[in-house]
Each structure stands twice: as structure tokens, then as C-alpha cells.
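Q: Could you take me through one helix of this structure up close? I'd like to see what it packs against and how that part fits into the whole picture.

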Protein chains: 2
Amino acid sequence: MARTGMEPVRRRALIGAAIEAIHAEGYCGVTVAEIARRAGVSYGLAHHYFGSKEQLLAAAMRHLFRLLGEEVVTRLRQAETAEARLSALVRGNFARSQLQPSLISAWLAFYMQVPASPAAAHLWRIYQRRLGSNLRSVLLQLGLEREAAQDLAQLIAVLIDGQWLHYALSGEHPGAEAAASTVERSIWMLIENRTGQARAVPDQEWQPAADQGRPRGHRVVGRGGG
Amino acid sequence: MARTGMEPVRRRALIGAAIEAIHAEGYCGVTVAEIARRAGVSYGLAHHYFGSKEQLLAAAMRHLFRLLGEEVVTRLRQAETAEARLSALVRGNFARSQLQPSLISAWLAFYMQVPASPAAAHLWRIYQRRLGSNLRSVLLQLGLEREAAQDLAQLIAVLIDGQWLHYALSGEHPGAEAAASTVERSIWMLIENRTGQARAVPDQEWQPAADQGRPRGHRVVGRGGG
DNA sequence: TCTTTTTGATTGATCCGTCAGTCAATCATT
DNA sequence: AATGATTGACTGACGGATCAATCAAAAAGA
């Protein structure tokens with residue numbers, strides 16, 4: 001073992017182990033000893049680097065946000081049109097990397113903390129503001145008026161989080177793509193209702209699930225335009 | 001004190017105390033002693049009636065579902081048209097009685113349990129099935145085709161739970177009516193998109209919140225009908 | 001009516017295990 | 001030797017569960 005520079009390695013390992021421990025033992029059942037065991041270090045080291053169980057878990061929560069943020073930013077950077085950016089915002093939340101069972105358990109635990117923990121509430125507010133701001137920006141680019149963009153951004157955030165919750169609780173793990181495309185289709189429908197013009201939904205880069213009975217394309221509403 | 005017939009009284013008191021304790025101490029911080037104290041009984045009695053902490057908390061979770069179910073059923077019974085029944089399904093979830101902070105904390109705690117606890121997962125499935133079945137039934141009455149009703153029911157459930165989650169986590173407690181009407185407006189928009197006919201949104205029986213800037217009425221989309 | 005018995009309701013001390021946090025010692029590299 | 005990394009025994013506190021004992025209302029019997 002290298003004598004120096006171990007700290008970031010250990011911190012990462014402990015944070016990852018904390019998330020897995022939350023999944024395996026339940027948030028209430030998590031112990032520092034279990035986390036340390038999973039990280040392959042001793043009990044004392046966890047305290048050495050994080051000071052307390054609370055701080056370790058808080059770091060794990062912050063890690064969740066960083067992961068999601070990086071996922072979304074990466075996708076946003078690859079998107080060249082407003083439509084693609086909107087898709088990136090939705091699909092970033094349903095990326096496979098974000099839907100691993102252990103991450104889902106940790107997110108659920110985080111949600112539960114929000115009403116009681118100011119730190120968790122703060123993170124939640126940041127997450128909401130960031131998503132809302134991104135959505136508003138894209139919707140403005142798509143031609144919505146300011147107030148409509150504000151309202152619709154709020155609604156889209158609700159859709160995303162609602163669909164995420166259903167995915168998390170229903171345990172239908174093959175359904176991630178379907179979840180994302182359901183949200184996307186609804187969003188385009190709502191946008192068309194507000195702009196009065198039909199749009200081409202950007203192609204999805206993923207392959208449709210094998211058993212997906214619904215036509216992949218959007219069901220264009222039969223209105224002639226505004 | 002009456003010698004007999006105390007059991008249901010105590011059980012109710014302990015369940016109510018458990019929900020309040022979850023809110024006050026956090027789900028992980030709840031102790032049987034604290035619950036008993038809040039219920040005004042001794043520590044031992046809680047074990048006498050429920051056998052274990054786990055069973056007590058499970059009973060509290062089941063109580064949440066009964067409360068919500070009764071709220072919805074009451075509203076459904078008072079509704080005479082399909083439109084009113086749809087409104088009842090939405091607004092039952094946003095009734096003031098269901099949005100007390102202690103209930104919200106308990107629901108969040110319940111959600112967190114779902115992936116790990118088979119009992120919680122079972123309750124969640126029942127809740128989902130009941131809501132989905134009710135929604136499908138109403139949507140069929142509104143003229144949607146079977147498959148469209150199925151899809152839209154799923155989407156409405158997502159909207160409801162997403163909006164509930166945002167309400168629960170944002171702590172904007174005056175916004176309950178706004179939350180419900182946002183969901184309702186979106187639903188009617190989606191229905192119109194699928195049926196191709198504009199509908200009169202049923203009047204709301206509640207009074208608009210004082211500070212509610214948005215027009216109370218539905219924003220009817222400007223389409224002439226099918 | 002008065003006494004005795006029964007039985008459910010209720011208590012709280014106690015046991016046992018667990019866990020968070022501390023700390024002094026050890027290890028390994030420079 | 002010096003220094004950061006690491007260990008794990010130890011402690012104090014706490015919580016869940018158990019259980020023997022107490023209480024009081026009701027039922028049975030005299």
C-alpha cells in the first residue's frame with residue numbers, strides 16, 4: 001500500500017460502500033462497521049476520515065447528486081439542438097448508471113431525510129433549481145413564452161420525479177427505457193399543446209425494449225397547428 | 001378506566017403516536033419508549049399489543065393506506081359524473097387530511113421501505129392497482145379506448161405521485177390546492193389530446209388559496225374540438 | 001348484598017446485544 | 001527517526017424485548 005495519497009481513495013471507497021450498505025441493510029440498519037467492512041478498511045478508519053457516521057452519510061448523499069449532475073451535464077454537452085437537450089435532461093435521470101438498485105435505495109433514503117434534515121433540504125432545493133433552470137432554458141429555446149415555460153418546467157420536473165418514484169418502487173427493472181420515453185412523449189404532447197405546433201420528436205438512441213407493445217414514435221395529436 | 005375494551009383504543013393511540021414520533025424523531029430515531037410516551041401508556045404495553053416494534057410500525061403503515069383509501073372512497077361516493085370521479089381520485093390524494101406533516105413523514109418513510117420490505121412492497125402494489133383500476137374505469141367512462149385508458153391511467157398515477165413528492169419535499173404547505181389543480185389541469189389537457197374533444201372541467205368545490213396568483217380556471221387549450 | 005375469584009390491563013426493572021466514538025499502539029514508507 | 005496510515009480493543013450509552021408483579025373491573029358464588 002502506498003503510504004501517502006490514500007485519503008481520496010479511502011473516501012471514495014467508503015462512500016461507495018455506504019451506498020451499498022444502505023441498499024443491503026436499509027438506511028436505519030446501516031452501521032459504520034458494516035460500511036468499513038465493505039470498503040475493506042477497519043472500523044476506526046471510517047471515523048478517521050469522516051469524523052462521524054452522520055458526515056459519512058452526508059458525503060454519500062452529496063455523491064449521489066454529483067453522479068446525477070455529471071450524467072446530465074455529459075448528455076447536455078453532446079446535445080446540439082434544443083430538442084436533444086430536453087431529451088438529455090429527461091434521460092439523464094433515467095440513465096442506467098443512475099438506476100442501479102443501490103443508488104435507488106440511497107436516493108429514497110435521501111428523500112426521506114429532506115423534511116427533517118436542513119442539509120438534505122438544501123441539496124434538494126439545489127437539485128430542483130438546477131433542473132428547473134435547465135428546463136426553462138430549453139423550453140424558451142423551443143419557443144414557449146416565459147410564463148408557460150416556467151409552468152411547464154415545473155410540470156416536467158414533477159413528471160420526471162413521479163416516473164422515477166414509480167420505477168424505484170415498482171421494481172420493474174427492465175422498464176427504464178420505457179419510463180424515460182413515457183415521460184418524453186408526455187412532455188412533447190404538453191409542449192405541442194402550448195406552442196400549437198407539432199414537432200418531430202428526436203430519435204432515441206436506445207433500442208426499444210423487446211416486449212414494448214406501444215409504437216415507439218410519438219402519438220401525434222391530430223391538430224392542424226395554431 | 002374501563003376494564004375491558006381498551007385494546008382498540010390503545011392500538012389506535014399507539015399507531016397515531018408512532019406516526020407522530022416518526023415525524024418528530026425521524027424514522028430511524030423512533031423508539032418504542034418514545035411512541036409509548038406519546039400514546040400515554042407504558043413501554044411494556046406497546047409490546048403487549050403489537051409484539052414488536054416492527055409490527056407496530058407495520059400497523060402504522062397500514063393505517064396510512066386505510067386513511068387515504070377512506071378519503072378517496074368518500075369523495076368518490078359524492079361524485080356523480082365521471083369528471084367528478086376523476087377529480088375525486090386526484091384530490092383525495094391532496095386532501096388536507098392527507099397532507100399533515102406527520103403523515104407526509106410517515107409516507108416518505110414507507111416509500112423508503114418498499115424496495116427492502118416485502119410487506120411494504122405489497123401495500124404499494126395494492127395502492128397502485130387500486131388507483132390504476134379506478135383511473136382506468138373513469139377514463140373508459142370518459143370515452144377513451146381501452147389501451148389509451150390504460151396508458152393514461154399510468155401517466156396520471158405518475159403525475160399524482162410526482163406532484164405529491166414535490167409537495168412533500170418542498171415544504172410549501174399553502175400550495176396543496178395549487179398542487180392538486182396543476183395535476184388536474186394537466187390531466188384534462190392529456191385527455192383532450194387523446195379524445196380530441198374539449199371538456200368542461202368540473203368546478204372545484206374548494207376555495208382558491210388567497211395568494212394563488214394563477215387563474216383558478218383551467219387553461220383551456222385553444223382547439224376547436226374533434 | 002358481600003366476598004372471592006378470575007382475567008384483562010398495565011407497569012417498569014432488567015437482560016442482552018449493539019453501536020458510535022475514542023485512543024493508544026502498530027505498521028510501512030520515506 | 002519521522003510521519004501518515006491503519007488497526008481494533010474499549011467504553012459508555014441506548015434500545016428492544018422479556019417477565020414477574022400489580023391493579024382494577026367484572027363475574028361467580030355465598
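A: Let's start with a term: a residue counts as buried if 20 or more other C-beta atoms lie within 10 Å of its own. This is a predicted model, by the way. Now look at helix 4 of chain A, residues 53–78. In this helix, Leu56(A), Leu57(A), Ala60(A), Met61(A), Leu68(A) and Val72(A) are buried.

Is the helix as long as it should be, or not? At 1.5 Å a residue, its 26 residues should span 38 Å, and the end C-alpha atoms are 38 Å apart, so the two agree.

What do those buried residues pack against? Their partners in chain A are helix 1 (6–25), helix 2 (32–39), helix 3 (43–50), helix 5 (82–93), helix 6 (101–113) and helix 7 (118–141). For a closer view, pick Ala18(A): leaving aside neighbours within four places in sequence, Ala18(A) is in contact with Leu56(A), Leu57(A) and Ala60(A), as well as Ile35(A). Ala18(A) and Ile35(A) are also among the residues with the most contacts inside the largest nonpolar core, which has 129 residues. In general, nonpolar side chains tend to be buried together in soluble globular proteins.

Now zoom out to the pair of chains. The contact between them takes 31 residues from chain A and 31 residues from chain B. On the chain A side, helix 8 (146–170) gives the most, with 9 residues. A rotation of 180° with 0.0 Å of shift along its axis puts chain A on chain B, with an RMSD of 0.1 Å. The two copies are thus related as by a two-fold rotation axis.

Methods. Residues numbered from 1 in each chain as written. Chains lettered and ligands numbered in written order. Predicted model: local features only at pLDDT ≥ 70, side-chain atom pairs only at ≥ 80, totals over all residues. Core = buried A, V, L, I, M, F, W, Y, C linked by C-beta atoms within 7 Å. Buried ≥ 20, exposed ≤ 12 C-beta atoms within 10 Å, placed from the backbone. Contact = placed C-beta atoms within 7 Å. Helix = DSSP H or I, 4+ residues; strand = E, 2+ residues; numbered from the N terminus. Expected span 1.5 Å × (residues − 1). Least-squares fit on C-alpha atoms with pLDDT ≥ 70 in both.
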